Amino acid sequence: MKNTQFVGKIRYLTFLLVAIQGILLLLMATFNLGQSYNNAWNELQYSQNKYTFYIKNNSINKKEEILNIFDEYPDLFIITSKINNETEHQLFGIIGSKNNFPEVTAFDHTVISKNDIELLTENRKELVTIGAFNGSIYSVKNVPDIFFSNNHSLVNLSDYMDITKSVNGVYTVYGISNESIERNFLKDLSRVTNQSVDSLKFANSGTENESGLVPIILSCLIVLTLLTQFTLFVSIAISNLKKFGNLTLLGWTKATISKQIFSQFIVFSIFLIPLLALTFWLISGWKDVSLKVLSQFFLVGIINVVLILVIILISTLVVFSIKPVDAIKGKFPTLALYFIGSTGYILLSSLLVVGSIYLDSPMKEVTKNVEIREQWTSVSEYYTLRDVNIGNDISTVSGQSNELNQDFFNWYRSIRKDPSVFIATTDYMSKDILNFYRENEIYKNVPDEAFWYMTYSPNYLREIGIEVDDALINEAEAGTKVFLIPDTLSKKEKSKVEAFLKESESSEYNESDIPTSFNEKNKFKFIDFKYNTKVFNWSHDPEQDILTNNPVIYIITPENMAFRQSESLRSNNLNSFIKFKDKDTADKYTSKEYLSKYNLSDNKLTFVKVEEYIDGLQKDLTQTILWFSGAILGALLLSILLLLSLAYVYRLSNNEKLYVSKFLGFDFLKMYTLPLISILFIWTINIIVVSLSGSKIGIILIIIYGIIQLSIFYFYMTKNDTKQLLLSIKEK
């Protein structure tokens, strides 16, 4: 009897549910730990011993004046922050003395120390960060990337203001030791911001942080998993009722029988403790923070075991309360079991409906994020200029000579015909920029509408599939500045754009300028152009669209460059001018031998993959996509498991009826009319509710959900059905 298998293949479904429950509990724990980690970062602005002030309604033009005030108080430490709601990336801007920095700690581990702050504040390179903001190439220190937490980065306050294009915000100050310093600081700040001291002290309004739907969804899934497990355990116990009755009459105790049936699931849940705990600790990012977190994950594993024990105990009490004689006859509370399972199935279906309705907006964002990632993936293998050593050209850097710029120009001109060598750089002429030009009378002619201004070489235009007449390319090569103007512009706006480009790009030749044909003639040509596809704009700002269908494109060649372009060839960032398609091309033209022909061997040009600039952005987007995909798949998988549980109960409680129907020649529809009607009825209600909500993605998901459920129900009920029914009659 010891070798008797009390549980059939349904045990594999039960093992899966035990594992899913453990994973869901660990996900909830990971979420709570992530919020705790966020709180550790939030303490930078909301801890004790700090002073808060609010800059409001000030233009970015006040940046230098405000920074100068901060510099006058070098012993203070000042910090502000902003969260991008789309990528959940929290960016901090800092300035001041590291000695007053309140270190970021989590589980007794120092995440960001005072020395780390010194690395950042004393580094004079542009856009240096702690933590990967858009790209790890800028980072002087990595920050742990924790599941279910914001990504965090720190930058110098000057860069922060440039990135956010604002000086307004909530500022936290550390190091104000007395009222005199506070009074003088606010008085000086009031003078440059045109705010009263009282206005600096008080916020206009507050904000409330919400945890979102994540804990609600996880809680619902955990409850429904428990319900599904209870249904399965009761079903397993019921399937052994006859053995239970016979063994009880033979002297077996209920405890012995229960142990024989359910101990395998308890052992399995214990086995999962170290496996899942270590896995979550390794992949959730906490391995880079603290070993103590591992104990939290082990504790959750123990809680999972306890929950399994409780469910098994309740299941056995429900079933084994049946008298042995009734058990031998196969009498058990079918209706109660159906009620429990059906309630769980309906609740889970309702959860999927609600989730599908609310997924429209997030899925649009996910779709946008996928599009962004695909576009960046297409250029991630490109190489862009990162560093140029001064070498022997100190006179160019100090403005006394133009030799380095001339050498760079000659070098680019020699390689421009290679189809793997591009110029690709873009600027977004926002309404704020255009208003600034207009208000300060920098240009007489300023467009009304914002637009993308792209500087692309002929090779790059061919690479992205924009076909331009060879005659226009030849004109550009001869020194004419050729612009492709979108034909979607109104006549008035087009006239303003053309006038603005002429005014801003015209060049008065200076002897120190690099001689080009354009510098001599200042010749322009504007072409009405119809864009058949959207154009990638190289924007790494997640709040901007990555594609545009109405850019202004300047077809750049060596001969139509003005000093702005020829002296920008050595700019070194993601938006730099020169780019190589692959490593071989970069290695070929940056070899010491090749560079020496153009007096650049001492400058040691360093080109790096575009991927290194954008990997932070990619990470943000990947997490968003993974979370929503995982939530949908998790709910779908759980609903399928619950349906299989109900199907198992139905087969178990209707063996005799199904046996008779099978041998009378009934087909599938006649044998399973009631469960099919139930599934179709709930599915129809779901479709109606989602349709009334207007959710497009919801309709698609519910239709797919219904098809999958019907298919799985069919295959499960028909697989080995004849064999199962013959075994049933044999037992009779």
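Two strands count as paired here if DSSP finds at least two bridges between them. On that basis, this predicted model holds an open sheet of 7 strands with mixed pairing. The strand order is β1-β9-β2-β3-β8-β6-β7.

**The sheet**

Where does the sheet end? Its edge strands are β1 and β7. Each of these pairs on one side only. At the β7 end, strand β6 (residues 129-130) runs parallel to β7. The two are joined by 2 bridges. Thr129 has Ser139 of β7 as its bridge partner.

**A helix across the strands**

Helix α1 spans residues 10-46. It lies across four named strands, β2, β3, β8 and β9. Relative to β9, helix α1 runs at about 75 degrees.

| Strand | Residues | Place |
|---|---|---|
| β1 | 51-55 | edge strand |
| β7 | 139-141 | edge strand |
| β2 | 77-84 | crossed by α1 |
| β3 | 89-96 | crossed by α1 |
| β8 | 151-156 | crossed by α1 |
| β9 | 169-174 | crossed by α1 |

**The α2 and α4 pair**

Two packed helices are described by the angle and the distance between their axes. For α2 (residues 63-71) and α4 (residues 157-164), the axes come within 11 Å and cross at roughly 155 degrees. Angles over 145 degrees count as roughly antiparallel, so α2 is roughly antiparallel to α4. The crossing is right-handed.

Which residues make the contact? From α2 come Lys63, Ile66, Leu67 and Phe70. From α4 come Leu157, Ser158, Met161 and Asp162. By class, the contact residues are 5 nonpolar, 1 polar and 2 charged.

Technical notes
Residues numbered from 1 in each chain as written. Predicted model: local features only at pLDDT ≥ 70, side-chain atom pairs only at ≥ 80, totals over all residues. Heavy atoms only, no water. Axes fitted to C-alpha atoms, helices over the stretch in contact; angles between N-to-C directions. Parallel < 35°, antiparallel > 145°, perpendicular 65-115°, else oblique. Left-handed = near helix turned anticlockwise from the far one by under 90°. Contact = heavy atoms within 4.5 Å. Nonpolar A, V, L, I, M, F, W, Y, C, P; charged D, E, K, R; others polar.
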